[in-house]
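This briefing is meant to be read beside the sequence and the model. Please keep both in view while going through the points.

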Amino acid sequence: MNQSETENETTAPEPGLEPVRRPDAPSAPFRRADGPPFEGPRGAGPRGAGPGGAGPDGERPKHRGGGRRRRVCIMCADHIKFVDYKNASFLRRYVSERGRIETRRKTSACAKHQRALASAIKRARHLALLPYTAEHVRGSGMGRR
């Protein structure tokens, strides 16, 4: 036997000392040499336990959303497949008084229709069907000096 083979042999741990486990090793919790076993974050346990999950008695907490449901996309409800950039009166509803495109939260549009709305509004602005900015903001002197 050469020296490298003798180094690889396992030796029995000294009595009273516990071997230190690597954190990536499977099974058994990680144990530090100087303390109790690490059992994970507080409240962690079986699936769903902890904040927002099942409580100690195993029941799921009641929903505390306030009873408000997400509004349905207007265009999905009306089965609109294509947002027309020439329909300026329809697009005006989705532009704020300052001329900005409203957010999905305000328009309650789905992601697909919000993207279509944004490109239709930009196309309508390019053709001068919709303004880029509100007229009262342009002339009020706000902004750069």
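What follows describes the chain as a whole and then turns to particular helices, loops and residues.

The model is a predicted one, and its chain of 145 residues has 18% of them counted as buried. The secondary structure comes to six helices and zero strands, in the order α-α-α-α-α-α along the sequence. The points below are grouped around helix α5, the nonpolar core, the aromatic residues, the surroundings of Cys73 and His113, and the loops.

**The chain as a whole**

- The accessible surface of the chain comes to about 12900 Å², and carbon and sulfur atoms account for 52% of that area.
- Among contacts in the chain with a separation of 6 or more, 48% are between residues 24 or more positions apart.

**Helix α5**

- Helix α5 runs over residues 111-126, a stretch of 16 residues, and the distance of 23 Å from its first C-alpha to its last is close to the 22 Å expected at 1.5 Å a residue.
- The residues of α5 that count as buried are His113, Gln114, Leu117, Ala118, Ala120, Ile121, Ala124 and Arg125, and these buried residues pack against α2 (74-77), α3 (88-92) and α4 (104-107).
- After α5 comes Ala128, a residue with a positive phi near 65°.

**The nonpolar core**

- In soluble globular proteins, nonpolar side chains tend to be buried together.
- In this model the largest nonpolar core has 14 residues, and those with the most contacts inside it are Met75, Val83, Phe90, Leu91, Leu117 and Leu130.
- Two or more residues of this core are given by each of the elements α3 and α5, and the largest share, four residues, comes from α5.
- Leu130, one of the core residues with the most contacts inside the core, touches Ala88, Leu91, Arg92, Val95, Ile121, Ala124 and Arg125 when its neighbours within four places in sequence are left aside.

**Aromatic residues**

- How many aromatic pairs does a search of the whole structure find? The search finds one, and because the ring centres of Phe90 and Tyr94 are 5.3 Å apart with their planes at 65°, the pair is edge-to-face.
- Phe90 and Tyr94 are both buried.
- The ring of Tyr85 has the charged end of Arg123 sitting over it, with a distance of 5.6 Å from the ring centre.

**Around Cys73 and His113**

- Cys73 lies in the loop between α1 (3-8) and α2, and this cysteine counts as buried because its relative accessibility is 6%, where the cut-off for buried is under 20%.
- Although Cys73 and Cys110 are 37 residues apart along the chain, their C-alpha atoms are separated by 5.5 Å.
- Leaving out residues up to four places away in sequence, Cys73 is in contact with Ser108, Ala109, Cys110 and His113.
- His113 has its place in helix α5, and with a relative accessible area of 4% this histidine is buried.
- The contacts of His113, again without residues up to four places away in sequence, are with Cys73, Met75, Cys76, Ile80 and Val83, and among them Met75 and Val83 are also listed as core residues with the most contacts inside the largest nonpolar core.

**Residues in the loops**

- Is Ser108, in the loop between α4 and α5, buried or exposed? Ser108 counts as buried because its relative accessibility is 4%, and its phi is near 55°, a positive value in a residue other than glycine.
- Ala128 is found in the loop between α5 and α6 (135-139), and there too phi is positive in a residue other than glycine, with a value near 65°.
- Ala128 is exposed, with a relative accessible area of 65%, whereas Ser108 is buried.
- Lys81 has its place in the loop between α2 and α3, and with a relative accessible area of 78% this lysine is exposed.
- Lys81 and His113 lie 32 residues apart in sequence and 8.7 Å apart in space, from C-alpha to C-alpha; Lys81 is exposed, while His113 is buried.

Technical notes:
Residues numbered from 1 in each chain as written. Predicted model: local features only at pLDDT ≥ 70, side-chain atom pairs only at ≥ 80, totals over all residues. Heavy atoms only, no water. Expected span 1.5 Å × (residues − 1). Buried < 20%, exposed > 50% of the residue type's maximum accessible area, 1.4 Å probe, protein only. Contact = heavy atoms within 4.5 Å. Phe/Tyr/Trp six-rings, centres within 6.5 Å; stacked < 30°, edge-to-face > 60°. Lys NZ or Arg CZ within 6 Å of the ring centre and 35° of its normal. Areas by Shrake-Rupley, 256 points an atom, 1.4 Å probe, with all protein chains shown as cover. Core = buried A, V, L, I, M, F, W, Y, C linked by side-chain atoms within 4.5 Å.
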